[in-house]
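Me: I have a chain open and would like to talk through it. Could we begin with the surface and then move inward?

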Amino acid sequence: MLYVVIAFLYLSILFYLLFGGADFGAGIIELFSGGSLKERTRLLTYQAIGPIWEANHMWLIITIVILFVGFPEIYTLASVYLHIPLSLLLIGIIARGTAFIFRHYDAVKDHFQKIYNLIFVYSSFMTPFFLGILAGTAISGRIDPDATDFVSAYIRPWLGWFPLSVGLFTVVICGFLAAVFLIGEANNDEDRDLFRKKAFRMNILTVITGGLVFLVGEWEGIRLFTELINHPVGLAALVLATLSLPVTWMLLRLKKVYWPRVLVGFQITMILITLMASQHPDFIILKNSTISLENAAAGESTIFALAMALLIGSLFILPALFYLIYSFQKQPVSVKKSTKHYDNSP
């Protein structure tokens, strides 16, 4: 049953990266766009992502619950030594959701819409950035349980070049994911071409920031690349993700919509497998020791009950979730019909 729980943990992380990443990425594209593309991204976000955005955080909640119940040592360690980036992550989630609601459903469209727009786009950047920082810190070996001062215990572990590079990489991945997703949501060629160009740029940035993660890791002695090339599963996943890139570019140039979505989801899945496989069996690497999921698991009876709850719960939640997504994807979104209602660019 332990590996059932671990499988749900990794699937929850993957689904949050995929669904939440597309959600965050729409705000990131809006942040780095100007003119008509900013407005079109905003309207597509309202109509395509808006109806289901709140369901995306279900995967984060499941991840936290699994760690809290099944792996209390890891949960305690992370919530103590990483409480600052965790708090900033939660502030980003709350600020983003609040701004989205106000700018979408506010009965009066006044100058406050500009403030809501600014909060939305910057918190869309902030949230995946600190999510990546948490992941980078967990495998960096920078957490020191023996630290005796505030800076060494709570600041230095996550405020380093490697965690920051992973945070930046996560932001760019979300932007790439959203750009490809929004190509399929637009209902005219002009909009599709705009998001296609944005997808190419984001994909180039993904390659650059991904390389930066490996370079900074080697520079700081984390040896992520060395661990990776010595692990057949991790290396195979990285090769597959790399080989799928030119195929994605070709399909985007051919103006395909469905398969680029599939491939970008495949690439993110391979990146996560690469990271997990290269670090296995460790889940958190401390300054002088490591913690694996197997060693940090709760008692056998707790793991059994948690696994059963996850299995039974998934029978009810997953069909309802996928029907929710399907029900909002049946009709393409019309952007131009709605542009007359909004003119509040930050």
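Me: How much area does the protein chain expose, and what share do carbon and sulfur atoms supply?
Reply: The protein chain exposes about 16300 Å², and 69% of that comes from carbon and sulfur atoms. Accessible areas are from the Shrake-Rupley method with a 1.4 Å probe, and for residues only the protein chains shown count as cover. This is a predicted model, in which local features need pLDDT of at least 70 and side-chain atom pairs count only at pLDDT 80 or more, while totals for chains, interfaces and linings use all residues. Residues are numbered from 1 along each chain as its sequence is written, and side-chain values use heavy atoms, with hydrogens and water left out.

Me: And the charges: how many positive and negative side chains?
Reply: There are 24 positive and 22 negative side chains. Lys and Arg count as positive and Asp and Glu as negative, with His and the chain ends not counted. The centres of the two sets lie 14 Å apart, each charge being placed at NZ of Lys, CZ of Arg, CG of Asp or CD of Glu.

Me: What about the fold: how many helices and strands?
Reply: The protein chain has 13 helices and two strands. These are DSSP runs numbered from the N terminus, helices being H or I of at least four residues and strands E of at least two.

Me: Why call the chain as compact as a globular protein of that length?
Reply: Its radius of gyration is 20 Å, close to the 20 Å that the globule rule gives for 346 residues, so the chain is as compact as a globular protein of that length. The radius is taken over C-alpha atoms, and the rule is 2.2 Å times the number of residues to the power 0.38. Along the principal axes, the C-alpha atoms fill a box of roughly 60 × 45 × 40 Å.

Me: What fraction is buried?
Reply: Buried residues make up 50% of the 346 residues. Buried means under 20% relative accessible area, exposed over 50%, and partly exposed in between (1.4 Å probe, protein chains only).

Me: Which residues of helix 4 are buried?
Reply: In helix 4 (residues 72-81), Ile74, Leu77 and Tyr81 are buried. They cover an arc of only 70° around the axis, which puts them on the same side of helix 4. The arc is that of the directions from the helix axis to the C-beta atoms.

Me: Changing topic, what does Thr248 touch?
Reply: Thr248 is found in helix 11 (residues 232-253) and is buried, at a relative accessible area of 0%. Leaving aside neighbours within four places in sequence, Thr248 is in contact (heavy atoms within 4.5 Å) with Phe176, Leu263 and Gln267.

Me: And Pro260?
Reply: Pro260 lies in helix 12 (residues 258-279) and counts as buried at 0% relative accessibility. Beyond neighbours within four places in sequence, Pro260 is in contact with Val180, Leu251 and Leu252.

Me: What is notable about phi at Lys255?
Reply: Lys255 has a positive phi of about 65° although it is not a glycine. Most residues other than glycine have a negative phi. Lys255 sits in the loop between helix 11 and helix 12.

Me: Last one, Ser165: buried or exposed?
Reply: Ser165, in helix 8, counts as buried at 5% relative accessibility. Not counting residues up to four places away in sequence, Ser165 touches Leu212, Val213 and Val216.
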